Amino acid sequence: MAFGCLKTLKYMLFAFNLLFWICGCVIMGLGIYMLNMQMVSLLFSSVPSLSVANILIIVGCITMVVAFLGCTGSIKENKCLLLSFFIILLLILLFEVMAAIILFVYEAQIDRHIEEDMKKALDKLQTSNNTELWDKIQGNLKCCGVVNSSDWGNNIPKSCCANQSCNSENYFSKGCYDLVREWFESNFLVVGIAVICASIIQVLGMSFAMTLYCHICNNYKSYGD
């Protein structure tokens with residue numbers, strides 16, 4: 001009976017980590033795609049190492065490594081790997097909780113920092129006369145500038161115009177950052193549920209790993225006796 005439970009738990013943990021590993025591949029692939037599409041120049045231009053694309057690549061790599069530890073530890077019934085998997089997942093969960101608290105407490109400051117950083121990116125692209133990326137974003141999102149058309153100064157591009165007759169009366173009224181922020185606020189519940197589900201999955205993975213770890217330790221003790 002105990003052996004059957006241990007075997008079931010082992011394969012459940014393996015299946016969980018296999019899914020976890022696939023998610024890591026998807027996240028890393030999305031980051032690489034964004035990097036190739038030059039989306040890194042839009043956000044956090046003053047701190048390239050914290051760009052959205054780089055963060056996704058780092059998160060994807062960490063997820064894949066953690067999932068590999070879990071898969072190998074469960075199949076091999078290796079106590080060291082299982083304990084390492086549990087500790088890393090615990091640290092990631094604590095980091096997520098800390099990040100959520102920081103975002104909640106410093107929401108206004110972070111919001112202002114992102115807005116200012118996007119304006120710096122816009123000014124940088126204007127100086128280099130390379131506004132192709134912004135033209136695509138504004139055309140797709142139907143927006144103009146970061147906050148409004150005044151962010152472009154006197155060089156407002158045609159991508160800000162709602163129709164072919166381009167003048168101050170038919171510029172898109174909303175800025176691109178405002179649209180993104182509005183989308184996030186309107187989908188806050190969905191994002192919150194997704195974060196909670198991810199946290200529950202992590203807790204389940206930690207529970208499976210620690211239970212399997214304890215079963216393996218008990219089996220070693222019984223063999224010793």
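Read along the sequence, the protein runs α-α-α-α-α-α-α. The model is predicted. The exercises below work through its helices and one loop residue.

**Exercise 1. Overall make-up**

Task: State how many helices and strands the protein has, and what share of its residues is buried.

Solution:
- Step 1. Count the elements: seven helices, zero strands.
- Step 2. Take the burial figure: of the 225 residues, 30% are buried.
- Step 3. Turn to contacts with a separation of 6 or more: residues 24 or more positions apart account for 68% of these.

**Exercise 2. The length of H4**

Task: Check the span of helix H4 (residues 107-127) against a rise of 1.5 Å a residue.

Solution:
- Step 1. H4 holds 21 residues.
- Step 2. The expected span is 1.5 Å times one less than the number of residues, so H4 should span 30 Å.
- Step 3. The end C-alpha atoms of H4 lie 30 Å apart, which agrees with the expected span.

**Exercise 3. How H3 meets H4**

Task: Classify the packing of helix H3 (residues 79-105) against H4, then describe the residues of the contact.

Solution:
- Step 1. Two packed helices are described by the angle between their axes and the distance between the axes.
- Step 2. For H3 and H4 the angle is about 80 degrees, and the axes are 4 Å apart.
- Step 3. Angles of 65 to 115 degrees count as roughly perpendicular, so H3 is roughly perpendicular to H4.
- Step 4. H3 brings Ile 102, Leu 103, Phe 104 and Val 105; these meet Glu 107, Gln 109 and Ile 110 of H4.
- Step 5. Sort the residues of this contact: five nonpolar, one polar and one charged.

**Exercise 4. The buried residues of H4 and H6**

Task: Name the buried residues of H4 and of H6, and find what packs against them.

Solution:
- Step 1. In H4 the buried residues are Ile 114, Glu 115, Asp 117, Met 118, Ala 121, Leu 122, Leu 125 and Gln 126.
- Step 2. They pack against H5 and H6.
- Step 3. In H6 the buried residues are Cys 176, Tyr 177 and Asp 178.
- Step 4. The cover over these H6 residues includes H4 and H5.

**Exercise 5. Ser 159**

Task: Place Ser 159 in the fold, decide whether Ser 159 is buried or exposed, and list its contacts.

Solution:
- Step 1. Ser 159 sits in the loop between helix H5 (132-141) and helix H6 (176-186).
- Step 2. Buried means under 20% relative accessible area. Ser 159 has 16%, so Ser 159 is buried.
- Step 3. Leave aside neighbours within four places in sequence: Ser 159 then contacts Asp 135, Gln 138, Gly 139, Cys 143 and Phe 172.
- Step 4. Look at the side chains: Ser 159 and Gln 138 are joined by a polar contact of 2.7 Å.

Technical notes
Residues are numbered from 1 along each chain as its sequence is written. This is a predicted model: local features need pLDDT of at least 70, side-chain atom pairs count only at pLDDT 80 or more; totals for chains, interfaces and linings use all residues. Side-chain values use heavy atoms; hydrogens and water are left out. Helices (H or I, at least four residues) and strands (E, at least two) are DSSP runs, numbered from the N terminus. Buried means under 20% relative accessible area, exposed over 50%, partly exposed in between (1.4 Å probe, protein chains only). A polar contact is a pair of N or O atoms within 3.5 Å; within protein, one must be able to donate a hydrogen and the other to accept it, and residues adjacent in sequence count only if both atoms are side-chain atoms. Contact means heavy atoms within 4.5 Å. Axes are lines fitted to C-alpha atoms, for helices over the stretch in contact, and angles run from 0 to 180 degrees between N-to-C directions. Angles under 35 degrees count as roughly parallel, over 145 as roughly antiparallel, 65 to 115 as roughly perpendicular and the rest as oblique. Ala, Val, Leu, Ile, Met, Phe, Trp, Tyr, Cys and Pro count as nonpolar, Asp, Glu, Lys and Arg as charged, and the others, Gly among them, as polar.
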